[in-house]
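Good morning, and thank you for coming. Please look at the sequence and the model as they appear, and I shall then go through the structure step by step.

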Amino acid sequence: MLLRISNLSTTDFFTLTSLGIPMRVVGRGARLLRGPDGKDLSHLTSSVTLGGGEAMDVILDTTGVVPGTYFLYTTNLNF
């Protein structure tokens, strides 16, 4: 599942975690993560942090996860 995550705040930072599902970051700012020579710079992570106005593209690998509702979590619950 491909997600484009955007932080619409101009000043706040948010960290987003997927519970039990690995994320592969494949893009930032609507651009693929590629080096000058075309090398793939994507990486696996369990959380991403976005600053004001940033966007990130991630692929959630749901292989082996029971189909249903998937949760994304942030500690900034009041936003």
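Reading from the N terminus, the elements of this protein follow the order β-β-β-β-β-β-β-β. In total there are eight strands and zero helices. Here helices (H or I, at least four residues) and strands (E, at least two) are DSSP runs, numbered from the N terminus.

Before going on, I should say that this is a predicted model, in which local features need pLDDT of at least 70 and side-chain atom pairs count only at pLDDT 80 or more, while totals for chains, interfaces and linings use all residues. Residues are numbered from 1 along each chain as its sequence is written, and side-chain values use heavy atoms, with hydrogens and water left out.

Let us consider the protein as a whole. Along the principal axes, its C-alpha atoms fill a box of roughly 40 × 35 × 15 Å. Of the 79 residues, 29% are buried; buried means under 20% relative accessible area, exposed means over 50%, and partly exposed lies in between, with a 1.4 Å probe and protein chains only. Among contacts (heavy atoms within 4.5 Å) between residues at least 6 apart in sequence, 74% join residues at least 24 apart.

I turn now to one residue of the interior. Asp57 lies in strand E7, which covers residues 55-60. Is Asp57 buried or exposed? Asp57 counts as buried because its relative accessible area is 11%. Leaving aside residues up to four places away in sequence, Asp57 touches several others, among them Leu2, Arg24 and Ala30.

After E7 the chain enters a loop that leads to strand E8 (72-73), and Gly64 lies in this loop. Gly64 has a relative accessibility of 81% and therefore counts as exposed. Its C-alpha atom is separated by 9.6 Å from that of Ile21, although the two residues are 43 apart along the chain.

Strand E8 itself contains Tyr73. Why does Tyr73 count as partly exposed? The reason is its relative accessibility, which is 40%. Tyr73 also belongs to a nonpolar surface patch with Leu19 and Phe71, and together they have about 330 Å² of accessible area. Such areas come from the Shrake-Rupley method with a 1.4 Å probe, and for residues only the protein chains shown count as cover. A patch is made of residues with over 30% relative accessible area and no salt bridge (a side-chain nitrogen of Lys or Arg within 4 Å of a carboxyl oxygen of Asp or Glu); like charges are joined within 9 Å, and nonpolar side chains (Val, Leu, Ile, Met, Phe, Trp, Tyr) within 5 Å.
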